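This report covers the charged pairs, the sheet and the ring contacts of one chain. The sequence and structure come first.

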Amino acid sequence: MIKKTQNLSLHVSHLEGVGPKRGALFAQKGIRTILDLLFFIPIRYEDRRHIVPIEPALQREDPVLVQGRVVLGREENFYPSRKSLFRIRIEDGGSTLDLLWFHYKRPYLVSLARPGNALLAYGRV
């Protein structure tokens with residue numbers, strides 16, 4: 001029994017798949033030993049099992065999961081500030097919802113924004 005608890009005091013980098021870089025990320029969160037990792041508890045739990053239709057989601061204030069088909073996807077630029085955003089509009093049969101990204105990787109969003117693609121999105125509406 002003592003031997004097993006001694007193993008929990010090993011540094012997290014002794015775990016398979018945890019190298020120096022990931023060990024440093026754990027250290028930033030205060031996780032240094034395997035025991036620290038076992039007792040690391042997330043701040044919140046987000047239930048993403050229930051898909052809410054767009055229309056009722058517009059009335060709620062808490063984060064929800066919506067599903068729809070892409071109708072429109074484009075990058076919009078604002079001059080003279082040179083700022084841009086990416087907009088994807090989805091619909092679920094009657095209601096539409098615009099999804100906005102202010103900090104994004106363009107190639108990834110362009111691949112998502114093809115009209116007809118099914119898309120799930122989670123957040124506050």
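## Salt bridges

Nine salt bridges are found in the structure, which is a predicted model. Side chains of opposite charge can pair when their charged atoms come close. One of the nine salt bridges joins Arg87 to Glu76, with 2.7 Å from N to O. Arg87 belongs to strand E2 and Glu76 to strand E1, so this pair ties together parts that are eleven residues apart in sequence. Both ends fall under the 20% limit for buried residues: Arg87 has a relative accessibility of 17% and counts as buried, and Glu76, at 15%, counts as buried too.

Arg87 also forms a salt bridge with Asp98, where the closest N and O atoms are 2.9 Å apart. That pair links distant parts of the chain, since Arg87 is in strand E2 and Asp98 in strand E3, eleven residues apart. Asp98 has a relative accessibility of 28% and therefore counts as partly exposed.

## A shared network

Asp98 meets a further arginine, Arg89, in a salt bridge of 2.6 Å from N to O. Arg89 is at 27% relative accessibility, so Arg89 counts as partly exposed. Salt bridges with shared partners connect Arg74, Glu76, Arg87, Arg89 and Asp98 in one network. Within this network, Arg87 bridges to Glu76 and to Asp98, while Asp98 also bridges to Arg89.

## The sheet

Which order do the strands take in the sheet? The order is E3-E2-E1-E4, in an open sheet of four strands with antiparallel pairing. Strand E3 (96–101) and strand E4 (118–123) are at the edges, each with a single partner strand, so each has one side without a neighbour in the sheet. From one strand to the next, the twist averages 50°.

Nine bridges pair strand E1 (residues 64–78) with strand E2 (residues 83–91) in the antiparallel sense. Leu72 has Arg89 as its bridge partner in E2. Arg89 thus appears in two roles: as the bridge partner of Leu72, and in the salt bridge with Asp98.

## Ring contacts

The count of aromatic pairs comes to one. In this pair, the ring centres of Phe86 and Tyr104 are 5.7 Å apart and the planes stand at 65°, so the pair is edge-to-face; the angle between planes must be over 60 degrees for that class. Phe86 is in strand E2 and Tyr104 in the loop between E3 and helix H5 (106–112), so the pair ties together parts 18 residues apart in sequence.

Are the two residues buried or partly exposed? Phe86, at 2% relative accessibility, counts as buried. Tyr104 has a relative accessible area of 22% and is partly exposed.

A contact of another kind involves Arg48, which lies over the face of Tyr122 at 4.0 Å from the ring centre.

Notes
Residues are numbered from 1 along each chain as its sequence is written. This is a predicted model: local features need pLDDT of at least 70, side-chain atom pairs count only at pLDDT 80 or more; totals for chains, interfaces and linings use all residues. Side-chain values use heavy atoms; hydrogens and water are left out. Two strands pair if DSSP finds at least two bridges between them. Axes are lines fitted to C-alpha atoms, for helices over the stretch in contact, and angles run from 0 to 180 degrees between N-to-C directions. Rings of Phe, Tyr and Trp (its six-membered ring) pair if their centres lie within 6.5 Å; planes under 30 degrees apart count as stacked, over 60 as edge-to-face and the rest as tilted. Buried means under 20% relative accessible area, exposed over 50%, partly exposed in between (1.4 Å probe, protein chains only). A charge sits over a ring if NZ of Lys or CZ of Arg is within 6 Å of the ring centre and within 35 degrees of the ring normal. A salt bridge is a side-chain nitrogen of Lys or Arg within 4 Å of a carboxyl oxygen of Asp or Glu.
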